[in-house]
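Below are some comments on charged side-chain pairs, written for a colleague who is looking at the coordinates. Please read each point alongside the residues it names.

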Amino acid sequence: MDTIELVGHSGCRLEIGRHDDRLCVIKTSKDQAYNDRLRRQCEKQKSFQHSLFRTPEIFTEHYETELFAFSMEYVNGVTLAEYLKHVEISVIGDLVCTFTRDIPHVGTYDPDAGKIFSQKIQELKKVNLSGSEMSEPIARAFDVLDAHAWEHCMSSRCHGDLTFENIIIQDEKIYLIDFLDSFYDSWMMDVAKLLQDVECRWSYRTESEVGENVEIRLLVFKQHLLDAIRFTEHGEEKIHTIYHMLLVNLLRILPYTHEKHVRTYVEKEILKIIRLLT
């Protein structure tokens, strides 16, 4: 079967091929050590059910030279990042509502969250030190995270990497792709990933500039998103914790950053989030 290779961010190989008479995407583990993670991501996608969202149908699961792989439906749509460049502003409120409708009814407060996040933060400190002195933005970020209490975290099922790049719009239907196994499962982590785009423009990072029209739409998106959380129990405290989760997400990017301009961008966004939190 002839295939066309795609570009991904996880290190896994992505190709377009065919399953019977349908186009499909084939995702293959980057190495044997990643096999279990990719299998969990596949299972997470298969088990996902929601009345407002769809996921690509999974066709096959198999091994290629000891690397786990699965093939799934190819969704020929546009990312949410592209969609927001052209959508009517009046539609954005309804769009955000699809992501926030269930928030008041999902999840339970998690007494173990503090321990889980503390452990992850300590792991990130070791990775970011890597034998050299931390930069000022990174050191300040760890100070902010060390001082935070995580008592308003809610445990629930989640996507794991809900950036605008992983949300596809096709014929007004919303598809979620590239599910990720996360160190902490919570709808709040999904909101933090949405804010990674809304606040930090993650899905627009390769563009020379984000136009005024997109900036306005992102501001409207952010307002609807935060308002939906604000009117839940302990809403302001949840928002405060979600921004700390965003800070954790940005720190998690740094060890995989090999280009100076990308690292500079991430550290600049870390400082921006610190200013919002302090």
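1. In this predicted model, a salt bridge joins K85 to E82, and the closest N and O atoms of the pair lie 2.9 Å apart. K85 has a relative accessibility of 23% and counts as partly exposed, and its partner E82, with a relative accessible area of 33%, is partly exposed as well.

2. The side chains of E269 and K272 also meet in a salt bridge, with an N to O distance of 2.9 Å. The two residues sit three positions apart in helix α9, which covers residues 260-277, so about one helical turn separates E269 from K272. Their surroundings deserve a separate remark: E269 counts as buried at 3% relative accessibility, whereas K272, at 25%, counts as partly exposed.

3. What is the distance between the closest N and O atoms in the salt bridge that E15 forms with R13? The value is 3.4 Å, which can be set against the cut-off of 4 Å that the salt-bridge criterion uses. In this pair E15 counts as buried, with 13% relative accessibility, while R13 reaches 30% and counts as partly exposed.

4. Which residues are linked with R39 in a network of salt bridges? They are E43, K46 and E61, and I would suggest viewing R39, E43, K46 and E61 together when inspecting this network.

5. As for the overall tally, the count by this rule comes to 24 salt bridges. As general background, side chains of opposite charge can pair when their charged atoms come close.

Notes
Residues are numbered from 1 along each chain as its sequence is written. This is a predicted model: local features need pLDDT of at least 70, side-chain atom pairs count only at pLDDT 80 or more; totals for chains, interfaces and linings use all residues. Side-chain values use heavy atoms; hydrogens and water are left out. Buried means under 20% relative accessible area, exposed over 50%, partly exposed in between (1.4 Å probe, protein chains only). Helices (H or I, at least four residues) and strands (E, at least two) are DSSP runs, numbered from the N terminus.
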